[in-house]
Amino acid sequence: MTRFNALNLVKHALTGHKNWTEQWPEAEPKKEYDVVIVGAGGHGLGAAHYLAKEHGITNVAVIDKGWLGGGNTGRNTTIIRSNYLYDESARLYDHAVDLWEGLSQDLNYNVMYSRRGVLMLAHNVHDVQSFQRHVHANRLNGVDNRWLTPQECKEYCPPLSISPNARYPVMGGALQERAGTARHDAVAWGYARSAAQRGVDIIQNCPVTAIRRGANGAVEGVETAKGFIKAKKVAVSAAGHTSVVMDTAGVRLPLESYPLQALVSEPVKPIFPCVVMSNAVHAYISQSDKGELVIGSGTDQYTSYSQRGGLPLIEHTVAAIVEIFPIFNRMRMLRKWGGIVDVTPDRSAIISKTPVDGLYVNCGWGTGGFKATPGAAHTFAWTIAKNEPHPINAPFTMERFRTGRLIDEAAAAAVAH
Amino acid sequence: MLLIHCPYCKETLPESEFTYAGQAHIVRPEMPSEQTDAQWEEFLFLRANPKGPHYERWRHFHGCGRFFNAVRDTVSDKFLTTYPANTPKPDLESLIGDAE
């Protein structure tokens, strides 16, 4: 694999860019691996990268039923932020933001992390009180977040309507300036390239049909469309399909899978400088570097594996956007799609060992997994390598639903995660 | 847009009249004080999350306001049947046979 740098760029320019080597090879499964990771999204590929780079474990395969990054990694709205209320979440998501800042250098791959700021709008007295509480809690945890008046919101995001006559007037906003967006595909590709360079096999279009356990109960490997693959450890990072995969190992998780939809408009010239979220009116919006407005809101109300979702939700989302940004009421929408997200009862993730020896799981990211990609991958790799959690993900066990030690971000009134 | 048949109103109506209410046929424990932590976890948090037919509750919120049960395929989102609350689970085999 050729390193990306100025010298190589000039060299390849002189030969018409015809001699770039492939970014990762097409791999066929070996008979046996130290670690098999199920799911080649950002989280799974990232875990392979950190296993190889930080723990020296390179006899690793990442297996996916589809193509690399074709699940939720390629379907989200690319928002990155860490302004969560509880201490445990603040540490985990801020760890991810710390890693986002150096990720392009770490991977030698431009993930286009853009610190354009995330502004969360308050539309009523409850919002104001709740968000100001978030701002103070965040500052105590060393997470940047500050309060803006409606006028300051307008200065930060000029397309915003702060008319006092609006149906949902803007009464202020919480701004995290370190938050922003990144190129989601590049995250999967960058991690894949870096992991493959260190010897990790990436096996695409190969569904894992079951996790096989031995007579002593420990993991033996995975059954796949390309036959049985032996593995000392199996790590599941399969997002919406986690329940289906883990059921085959006899492990039940507190997950429900919902469709989460997003849509983009036709591309226009740069008009929208940041990310704006409104929990009360319920939508979020940013502009991609291609010029499309990227829009999303909450999940559909019913569980599903359809990767589509229903149109009533799109209507609700677009109505909310036009309510806050009347300027966009004649924009034409180009595409909409859905991904399947696995939601836990407390809306916090699970990065954990399981009751089965050698089986690990990273799941339950619900509607907010993209922002956590480097942090989740980094602590998941640690958990797999050392067979014990990193201090940052230690509270995110699957046992918390039995002990009652929930991390109840659902109750922290963040509608959109 | 899902079209949902309300077994009380005996009408098939658009999804926006209804609200989803989670897995059906979950029975509240008769002796809560005798439940173990594992049983509470099961009752409160562990849900079936099948890729295929799913027994679930819906409420005809903007209609008769009543809860009913349904069997829906979570891959195609098609309803196999809907039936009043407090009636036993319909037999899955016969439903799938009907659909085909």
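Here are some short exercises on this predicted model, each with a worked solution.

Local features need pLDDT of at least 70 and side-chain atom pairs count only at pLDDT 80 or more, while totals for chains, interfaces and linings use all residues. Residues are numbered from 1 along each chain as written, chains are lettered from A in the order written, and side-chain values use heavy atoms, without hydrogens and water.

**Exercise 1. An aromatic pair**

Task: Classify the ring pair of A:Phe4 and A:Trp20, and place both residues in the chain.

Solution:
- Start with the rule: rings of Phe, Tyr and Trp (its six-membered ring) pair if their centres lie within 6.5 Å; planes under 30 degrees apart are stacked, over 60 edge-to-face, and the rest tilted.
- Now apply it: the centres are 5.6 Å apart and the planes stand at 50 degrees, so this pair is tilted.
- Next, find the residues. A:Phe4 belongs to the segment before α1 (6-14) of chain A, and A:Trp20 to the loop between α1 and β1 (32-38), 16 residues apart. Helices (H or I, at least four residues) and strands (E, at least two) are DSSP runs, numbered from the N terminus.
- Finally, check exposure, where buried means under 20% relative accessible area, exposed over 50%, and partly exposed in between (1.4 Å probe, protein chains only). A:Phe4, at 33%, is partly exposed, and A:Trp20 is also partly exposed, at 28%.

For context, the structure holds 16 aromatic pairs over all chains. Ring pairs also join A:Tyr302, B:Tyr20, B:Trp58 and B:Phe79 into a cluster.

**Exercise 2. Charges over rings**

Task: Which ring does A:Lys386 lie over, and which ring has B:Lys89 above it?

Solution:
- The test asks for NZ of Lys or CZ of Arg within 6 Å of the ring centre and within 35 degrees of the ring normal.
- In chain A, A:Lys386 lies over the face of A:Trp382, 4.7 Å from the ring centre.
- In chain B, the charged end of B:Lys89 sits over the ring of B:Tyr55, at 4.6 Å from its centre.

**Exercise 3. Positive phi in chain B**

Task: Describe the setting of B:Lys10 and B:His25.

Solution:
- Recall the background: most residues other than glycine have a negative phi.
- B:Lys10 has a positive phi near 55 degrees. This lysine lies in the loop between β1 (3-6) and β2 (11-14) of chain B, and its relative accessibility of 63% makes it exposed.
- B:His25 has a positive phi of about 65 degrees. The loop that holds B:His25 runs between β3 (19-23) and α1 (37-44) of chain B, and with 31% the residue is partly exposed.
- As for the chain around them, chain B has two helices and six strands, in the order β-β-β-α-β-β-β-α from the N terminus. Of its 100 residues, 34% are buried.

**Exercise 4. A cavity**

Task: What lines the second largest cavity?

Solution:
- On a 1 Å grid over the protein atoms alone, a cavity is a set of points where a 1.4 Å probe fits but cannot get out; lining residues have an atom within 4 Å of a point.
- Two cavities of 30 Å³ or more are present, and the second largest contains about 40 Å³. Volume here is the space filled by probe spheres set on the points, which are joined across faces, edges and corners.
- The lining consists of A:His123, A:Ser161, A:Ala166, A:Tyr168, A:Val170, A:Val281, A:Glu323 and A:Ile324.
- By class, the lining has five nonpolar residues, two polar and one charged. Ala, Val, Leu, Ile, Met, Phe, Trp, Tyr, Cys and Pro count as nonpolar, Asp, Glu, Lys and Arg as charged, and the others, Gly among them, as polar.

Definitions and conventions: 1 Å grid on protein atoms, 1.4 Å probe; cavity = no way out; pocket = protein on both sides within 12 Å on 5 of 7 lines; lining within 4 Å.
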